[in-house]
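Work through these short exercises with the model open. Each task is followed by its solution.

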Amino acid sequence: MNSVIVIGTGHSEGGACNSEELFKIIDKISPEVVFCEVSPKKFPLHIKRIDVKTPEMEVIKKIINENFVKLVPIDVEHDPFDRRLEDMFALFKQKMKFYLNAHNMLLNETYLKGFPFLNSEDSDKIFRDMESMGRHYLEMVKYQALSDYYADWIEWNDKRENQWIDLIHNYFEIHKPKKAVFLVGAGHRFRLMDKIQNIREKNELICNWNFFS
């Protein structure tokens, strides 16, 4: 069965988490196609942006310039969230010392170790723990509006992740590439792993899903 390799990324350049290192990983894998965490409609706009630099978009620009692999944007078109999302996570860091410590550990380890850390069990565990802490805090404060907003955010991520899986499977069914890469924020890794495991148990996988480590 042909394979897609999921590479968890950080959405900002810094230290060992940089576009040069990410490009080396992709170049070594030598995929036929790279799936991108951006919608088809927004894809041309992201390529033209110069005010924000992320490892993924810098690598995508390099791929376009060198024209050596096909790029396929697969994210949903509509993003319903605004500044309140950043405010919610800022509140978590303000109110929960362990959440703040976990957040800082992610930043420090990502800066020092880059993609090997972002694609490790240690990173996955921190992301899982932070999600659990966020849910626990909302259960304690019993602020319904904030809880509803958080639930909407989780539901939106489920929608996105399910679409990614469906579109990647559809692409493999139609085009049958031997090897592909999916660049996605590292915080989605553990959620994708859970979803893929459920699909695997139902014998419904169209391609192998390998998580870069």
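**Exercise 1.** How much area does the protein chain expose, and what percentage of it do carbon and sulfur atoms supply?

Solution. This is a predicted model: local features need pLDDT of at least 70, side-chain atom pairs count only at pLDDT 80 or more, and totals for chains, interfaces and linings use all residues. Residues are numbered from 1 along each chain as its sequence is written, and side-chain values use heavy atoms, leaving out hydrogens and water. The protein chain exposes about 11,900 Å² (Shrake-Rupley method, 1.4 Å probe). Carbon and sulfur atoms supply 52% of that area.

**Exercise 2.** Find the salt bridge partner of E109 and place both residues.

Solution. A salt bridge puts a side-chain nitrogen of Lys or Arg within 4 Å of a carboxyl oxygen of Asp or Glu. E109 pairs with K113; their closest N and O atoms are 2.7 Å apart. Both lie in helix α5 (residues 97–113; a DSSP run of H or I, at least four residues). They sit 4 residues apart, about one turn of the helix.

**Exercise 3.** Which parts does the salt bridge of D158 with R191 tie together?

Solution. Start with the distance: the closest N and O atoms of D158 and R191 are 2.8 Å apart. D158 lies in helix α8 (residues 144–175) and R191 in helix α9 (residues 189–201), so the pair ties together parts 33 residues apart in sequence. Next, check burial (buried: under 20% relative accessible area; exposed: over 50%; partly exposed: in between; 1.4 Å probe, protein chains only). R191 is buried at 10%, while D158 is partly exposed at 27%. Finally, widen the view: E131, R135, D158, E161, R191 and K195 are linked in a network of salt bridges.

Definitions and conventions. Helices (H or I, at least four residues) and strands (E, at least two) are DSSP runs, numbered from the N terminus.
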